[in-house]
Each structure stands twice: as C-alpha cells, then as structure tokens.
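Me: Could you take a close look at one part of this model for me, the spot where the ligand sits? I'd like the contacts, then the surroundings.

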Amino acid sequence: MARTYVITGSASGIGAATAEVLRARGERVIGIDLRGADVEADLSTAEGRAAAAAAATELAGGVVDAVIACAGIAAPIAKTMAINYFGVTELLTALLPALRASQAPRAAVVSSMASLQPVVPALVEAALSGDEAATLAIGDSLAAQGPEVGYANYSSSKRALSRWVRRASISSDWAGSGIPLNAVAPGTVTTPMTKDLLATPEGAAMVDAAVPMPLNYHQPATSIAYLLAWLTSAENTHMAGQTIYCDGGADASLRGDDVWSWNDPAPRA
Ligand code: NAI
C-alpha cells in the first residue's frame, strides 16, 4: 500500500527530486513550500509552521507515514536559523501525532557539510534550548557584522539541527514512539541554491576548497533523494540520530580516518 510522505522544500532542488522519486515509486507526497506546493506556508514563522502541520495532517487524513524536511536557505542572516532549525524541529514536532498514527513512521532532515564548519556556540545553544527570540537576536548581531561573520547563521543552523537529531532521536517522543529520526549531510549539490556560486570558476574553486569531493564530484539532487527515500522507508528499523554524510568523500577528506579515538583511554606510560 502507498505510504504518505510530507516533504518540505518540495518545489525545488533536493525536496523536488525526493518528491519525484517517491511519486514514481507510487507513494503519496504532500509537498510544503512557500509556493508551488500542496501546502503553501512560510516555515520561518511559528504561525506558518503550525498552519503547515495542520494543513498537511488534514490532507493526509490524520496519518503521515514519513516526514522529510528539506526546506532551507543559506543566506548569512538570522532568518536562516529560523527556517533551517526551527522550521524543521517545530514542524516535525507538530507532525508527531500524525506520525504516531502510522504503522511504520519515519523522519529525516537535511543537514549539511556546514555542520562540520566553525559555529558560534552561543547561537547553537540558544537554538537547542528552543529560545527562538534569543537565537534570532544573536543571529542578527552576527549578520550586522557582514556576510563572513553572518555565515555562522548557516553553519550553526546545521550543527544545531544535527545535534537536535541526535538528542531527539533517542527520546520518548521519537525512539519511544518507534520513529527512526536521522539526517543527511550532502556535499555540493547542483540545485538552484548553488547555481550562482558554481557559475564562475572562482566560486566553484572556493566551494571545492571547503567541500572536496574526490568521488564523482558535484552531486545531483537525486543522490540525496534516494538516501532520504531509504531512511524514511519501512526498511529502516534501527538507524537513529545519525547524520549520514553523502558527500563524494568530503567528510572522509576533511576529518580523516580517525573519528573514533575521542573516547580512548589515555595511553599508559
Ligand atoms: P533549493 O533552494 O533548491 O530549495 C529549497 C526550497 O526550500 C525552495 O523550494 C524554497 O522555496 C524552500 N523554502 C525556503 N524558505 C522557505 C520557507 N520560509 N518556508 C517554506 N519553504 C521554504 O535548495 P536545495 O539545494 O534543494 O536545498 C535543500 C536543503 O539542502 C537545504 O536545507 C540546504 O541547506 C541543504 N543543502 C544543500 C546543499 C547544496 O549544495 N545545494 C548542500 C548541503 C545542504
């Protein structure tokens, strides 16, 4: 029987590709986006998120089998925190009752390689504490210092999101309700978000220095769509809290081979 998927950012890029892959497999997709979607809503505001969750739940007849949160922006402004963090966490939380009504509920969100980049810890902590007003105030003050400092709104939104996924995934709300919750972190995906940046050799070189992709270079949106489709399928029964780096080898290039020794006992003299 077809599963019902709610996908944010369904009008463009990764969200659109994921909607297409799932529809082609015969699944039912309810898209949420600013425009060009089944549910038109602004996920940067609390009202928009609540309205989106209510409308999607109604269209789904009260039962949502999976939520895939792709909507996001990369601008060096506080609104990036509002959409990429609260626009995901609050929407997912609002959709929990409809997910719990499913036989095999799943959720996945889109983080980024930016989760590994420098962040502003106070901004990440403010988001994780759930205080949106404090988060936006810090984000605004960073944005006022120019785009380079303001970029921390993007990296911090993705670090906070990946940390929230680890926290929430093992809580009674998610693990306790039998709902696998995970994130994907793409490398450089050719979508409208990166089009202008990749249009010049200088822009592409800057991106490639930050996100080296030895395996197959820049990736199509479908490379992420197939992974999101699996993470939110009934086949995924035990993966929880992970951020899966699907990035042409960027994470392995940047963090190297040893991401395990953090917990090793100090060597004995
Ligand atoms: P995109 O720009 O093609 O699509 C983003 C979609 O989100 C658009 O349809 C847009 O209308 C929607 N959206 C933006 N603000 C919204 C709001 N306030 N309310 C509702 N919908 C809103 O971008 P793309 O590349 O598909 O990005 C999707 C996700 O993937 C984002 O979270 C992005 O941060 C992440 N990502 C993208 C990468 C890339 O290289 N393109 C790399 C790593 C992560």
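Reply: Leu43 offers a polar backbone atom that is 2.9 Å from a nitrogen atom of the ligand, a polar contact in the sense of a pair of N or O atoms within 3.5 Å. Two side chains reach ligand oxygen atoms: a polar atom of Asp33 lies 2.6 Å from one, and an N or O atom of Lys158 is 2.9 Å from an oxygen as well. Taken alone, the ligand exposes 830 Å², and the protein buries 91% of that (accessible areas by the Shrake-Rupley method with a 1.4 Å probe).

A word on where this comes from: it's a predicted model, with local features needing pLDDT of at least 70 and side-chain atom pairs counting only at pLDDT 80 or more, while totals for chains, interfaces and linings use all residues. Residues are numbered from 1 along each chain as its sequence is written, and side-chain values use heavy atoms, with hydrogens and water left out.

Now the shell. 29 residues surround the ligand, each with a heavy atom within 4 Å of it, and Ser12, Ile14, Asp33, Tyr154 and Thr191 are the closest. By class that's 15 nonpolar, 11 polar and 3 charged (Ala, Val, Leu, Ile, Met, Phe, Trp, Tyr, Cys and Pro are nonpolar, Asp, Glu, Lys and Arg charged, the others, Gly among them, polar). α1, α8 and α9 each give two or more residues to the shell, and α9 gives the most, with 3; helices are DSSP runs of H or I with at least four residues, strands runs of E with at least two, numbered from the N terminus.

The space the ligand takes is the largest pocket, meaning more than half of its atoms lie within 2 Å of the pocket's grid points. A pocket here is an open set of points on a 1 Å grid over the protein atoms alone, where a 1.4 Å probe fits, with protein on both sides within 12 Å along at least five of seven lines; lining residues have an atom within 4 Å of a point. This one holds about 1300 Å³, counted as the space filled by probe spheres set on the points. Of its 43 lining residues, Gly72, Ile73, Ala74, Tyr154 and Met193 are closest to the centre. Elements giving two or more residues to that lining include β2 (28–33) and α3 (79–94), but α9 gives the most, with 4. The lining divides into 25 nonpolar, 13 polar and 5 charged residues.

Definitions and conventions: A polar contact is a pair of N or O atoms within 3.5 Å; within protein, one must be able to donate a hydrogen and the other to accept it, and residues adjacent in sequence count only if both atoms are side-chain atoms.
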